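Subject: Structure handover, with notes on salt bridges and strands

Hi,

Here is the structure for you to look through. Please open it next to this email.

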Amino acid sequence: MADITRRLGWRHLRGAPTAHIRHHRSGKLVHDGPGLSFWFRSLSAALSEVPVDDRELAMTFHARTADFQDVAVQATVTYRVSDPAVAAARLDFSIDPDTGVWRGAPLEQLGTLLTETAQQHALDVLARTPLSAALVDGVTSVRERVAAGLAAEPRLPATGIEIVAVRVVALRPEPEVERALRTPAREQIQQEADRATYERRAVAVERERTIAENELASKIELARREEQLVEQRGTNTRREAEESAAADKVRADAEATRTVRLAEAEAEAAREVGEARAQAQAAWLRVHADAGVDGVATLRAHAAAQFAENLPQIDSVTISPDVLTGLLARLGAGDRA
């Protein structure tokens with residue numbers, strides 16, 4: 001919208017760089033171009049403002065496929081006014097000289113023209129396409145067909161309109177049909193998920209089985225080694241017992257030999273001692289036999305001395321009155337004799 005100010009019966013218009021201004025005064029074109037700024041009188045001026053920037057037109061319409069299914073098409077058409085003079089002549093782009101507002105609705109007219117033209121070509125291509133094919137390749141085919149149709153539409157160049165781009169955003173069936181179409185895919189996805197879950201569980205079970213087998217093999221190997229250890233311990237114990245018995249036998253044999261030798265030595269010593277005693281006794285007896293009266297007395301005295309030597313040591317002697325009386329009586333009798 002142009003910016004118009006009022007000063008003492010005059011009007012000043014300041015246009016935007018993207019707006020093409022056409023100023024007619026008394027039927028003559030006075031100003032023509034984008035981004036103009038000038039003074040004018042409202043009573044004698046006829047003004048048109050044509051936007052020359054790229055405009056986006058979003059459109060949504062319904063179509064029916066070859067198998068009689070309704071689909072909604074969402075598309076966007078980018079256009080611009082390539083010939084402002086032709087557009088201003090074909091459409092009402094005139095503005096109020098006091099407010100700068102369009103008197104009509106030129107952009108709505110352009111939108112209706114573009115929407116109906118695009119819808120016509122989209123309906124034409126979808127009417128020969130089944131729903132399944134339209135959902136798979138319909139966006140591309142509809143976009144190409146609408147772009148080609150708009151490029152070939154003679155009314156657009158005649159109106160000064162140029163198509164910049166065509167985009168088809170979405171092509172959707174009715175909600176019930178969309179849910180029905182999603183069901184097989186969802187079932188397949190669910191089956192794939194179930195299969196993946198089953199495979200994951202199978203792998204987990206297989207791993208658990210492998211772990212259990214490894215643990216069992218470890219236990220079996222451990223038991224086998226324990227059996228070998230017990231057997232080895234028994235062998236070692238038996239060997240130790242045998243070696244201990246052999247050592248005991250050796251010690252017993254040595255002890256027996258030593259005892260026998262000791263006994264033989266003691267017997268030999270006793271025999272020699274006995275022989276020595278026998279010889280001494282024989283010599284003693286020979287001495288008694290050969291000795292006379294004096295010799296007998298000498299032997300008796302010698303025997304008494306030996307007897308005295310063998311007597312135990314007497315520290316003290318206690319003589320009772322009865323013993324003392326007897327001894328005194330014997331001594332008295334001896335004196336009288």
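Below are my notes on the salt bridges, then on one pair of strands.

Please keep in mind that this is a predicted model.

**Salt bridges**

How many salt bridges does the structure hold? The count is 20. Here are some of them.

Start with Asp 98 and Arg 11. Their side chains form a salt bridge, with N to O at 2.9 Å. Asp 98 sits in the loop between α1 (84-90) and α2 (106-126), while Arg 11 belongs to strand β2 (residues 10-14), so this pair ties together parts that are 87 residues apart in sequence. Are the two partners buried or exposed? Arg 11 has a relative accessible area of 11%, so it counts as buried, because the cut-off for buried is under 20%. Asp 98 is partly exposed, at 34%.

Next, Arg 209 and Glu 213. Here the side chains meet with N to O at 2.3 Å. Which element holds them? Both residues lie in helix α5 (residues 175-290). They are four residues apart, about one turn of the helix. Arg 209 has a relative accessible area of 39%, which makes it partly exposed. Glu 213 is also partly exposed, with 40%.

Then there is Asp 124 with Arg 128. The closest N and O atoms of this salt bridge are 2.8 Å apart. Asp 124 is partly exposed, at 28% relative accessibility. Arg 128 has 55% and counts as exposed, because the cut-off for exposed is over 50%.

One group goes beyond a pair. Asp 54, Arg 80 and Glu 162 are linked in a network of salt bridges.

**Strands β2 and β5**

Strand β2 comes up again here, since Arg 11 lies in it. How do β2 and β5 run? They are antiparallel, and four bridges join them. Within this pairing, Arg 14 stands opposite Ser 37 of β5.

Strand β5 covers residues 37-40 and has two unlike faces, one covered and one uncovered. Phe 38 and Phe 40 make up the covered face. Ser 37 and Trp 39 are on the uncovered face. Why does every second residue share a face? In a regular strand, side chains alternate between the two faces of the sheet. So Ser 37, the residue opposite Arg 14, belongs to the uncovered face of β5.

To find your way around, begin at Arg 11 in β2. From there, go across to Asp 98, its salt-bridge partner. Then look at β5, which is joined to β2 by four bridges.

Best wishes

Notes
Residues numbered from 1 in each chain as written. Predicted model: local features only at pLDDT ≥ 70, side-chain atom pairs only at ≥ 80, totals over all residues. Heavy atoms only, no water. Salt bridge = Lys/Arg side-chain N within 4 Å of Asp/Glu carboxyl O. Buried < 20%, exposed > 50% of the residue type's maximum accessible area, 1.4 Å probe, protein only. Pairing = 2+ DSSP bridges.
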